Amino acid sequence: MLVEKRFDSGEVVLNYAEGPDNGPSLLLLHGFTSRWQFYLPLIPFLESRYHIYAPDLRGHGKSQRTPGQYNYDNDFQDLQSFLAN
């Protein structure tokens, strides 16, 4: 079962879902106009073998909205910080 949590990168607060530690980490990234729940149909097949992390990118789902444009550079920086912590 996934549990929603929050990660503060210092620039933005990201919402993410995390599953139990059932194996190697698996990062699920949604498309540019979606949210982590996009993967709900697949999660039952994955959560018994992987430790799932499924973040909402900034401005999506329950993650914080920020002023300005959303782009891949921002997402990349957010994900680097998320993975480092």
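This report describes the aromatic pairs, nonpolar cores, surface patch and salt bridges of a predicted model.

## Aromatic pairs

Four aromatic pairs are present in the structure. In one of them, the ring centres of Y16 and F82 are 4.9 Å apart and the ring planes stand at 75°, so the arrangement is edge-to-face, given that planes over 60 degrees apart fall in that class. Because Y16 belongs to strand β2 (residues 13-18) and F82 to helix α2 (residues 72-84), this pair ties together parts that are 66 residues apart in sequence. Both partners are covered by the rest of the protein to the extent that they count as buried: Y16 has a relative accessible area of 11%, and F82 has one of 7%.

The rings of F38 and Y39 make another pair, with centres 5.2 Å apart and planes at 90°, and this pair is therefore edge-to-face. Here the two partners fall into separate classes of accessibility, since F38 counts as exposed at 53%, whereas Y39 counts as buried at 15%. Beyond these pairs, Y16 and F82 also belong to an aromatic cluster, which they form together with F7 and Y53.

## Nonpolar cores

The largest nonpolar core has nine residues in all, namely L2, A17, L28, W36, Y39, I43, L46, I52 and A54. Two or more residues of this core come from each of the elements α1 (43-46) and β4 (51-55). Y39, the buried partner of the pair with F38, is thus also a member of this core.

A54, another member of the core, touches Y16, A17, L28 and W36 when residues up to four places away in sequence are not counted. Of these contacts, A17, L28 and W36 are themselves listed in the nine-residue core. Apart from this core lies another one, of five residues, which includes F7, L14, Y16 and F82. The residues F7, Y16 and F82 therefore appear both in this five-residue core and in the aromatic cluster.

## A nonpolar patch on the surface

L27, L29 and L83 form a nonpolar patch on the surface, and together they have about 250 Å² of accessible area. One of the three, L29, is placed in the loop between β3 (25-27) and α1, and with a relative accessibility of 36% this residue counts as partly exposed.

## Salt bridges

Four salt bridges are found in a search of the whole structure. One of them joins K62 and E4, whose closest N and O atoms are 3.0 Å apart. This pair links distant parts of the chain, with K62 in the loop between β4 and α2 and E4 in strand β1 (residues 3-8), 58 residues apart. E4 is partly exposed, with a relative accessible area of 33%.

R58 takes part in a salt bridge with E11, in which the closest N and O atoms are 3.1 Å apart. Since R58 lies in the loop between β4 and α2 and E11 in the loop between β1 and β2, the pair ties together parts that are 47 residues apart in sequence. R58 is buried, with a relative accessible area of 3%, while E11 is partly exposed at 49%. R58 also forms a salt bridge with D78, and in that case the closest N and O atoms are 2.8 Å apart. This second partner lies in helix α2, so to speak across 20 residues of sequence from R58 in its loop, and both D78 and R58 are buried. E11, R58 and D78 are accordingly linked in a network of salt bridges.

## Surroundings of R58 and the loop before α2

N74 is found in helix α2 and is buried, with a relative accessible area of 15%. Leaving out residues up to four places away in sequence, N74 touches R58 and Q69, and R58 is the residue that also forms salt bridges with E11 and D78.

G59 lies in the loop between β4 and α2, which is also the loop that holds R58 and K62. Neighbours within four places in sequence aside, G59 is in contact with Q64, R65 and Y70. G59 and G31 are 28 residues apart in sequence, and their C-alpha atoms are 12 Å apart in space.

Terms used: Residues are numbered from 1 along each chain as its sequence is written. This is a predicted model: local features need pLDDT of at least 70, side-chain atom pairs count only at pLDDT 80 or more; totals for chains, interfaces and linings use all residues. Side-chain values use heavy atoms; hydrogens and water are left out. Rings of Phe, Tyr and Trp (its six-membered ring) pair if their centres lie within 6.5 Å; planes under 30 degrees apart count as stacked, over 60 as edge-to-face and the rest as tilted. Helices (H or I, at least four residues) and strands (E, at least two) are DSSP runs, numbered from the N terminus. Buried means under 20% relative accessible area, exposed over 50%, partly exposed in between (1.4 Å probe, protein chains only). A nonpolar core is a set of buried Ala, Val, Leu, Ile, Met, Phe, Trp, Tyr and Cys residues joined through side-chain atoms within 4.5 Å. Contact means heavy atoms within 4.5 Å. Patches are made of residues with over 30% relative accessible area and no salt bridge: like charges are joined within 9 Å, nonpolar side chains (Val, Leu, Ile, Met, Phe, Trp, Tyr) within 5 Å. Accessible areas come from the Shrake-Rupley method with a 1.4 Å probe; for residues, only the protein chains shown count as cover. A salt bridge is a side-chain nitrogen of Lys or Arg within 4 Å of a carboxyl oxygen of Asp or Glu.
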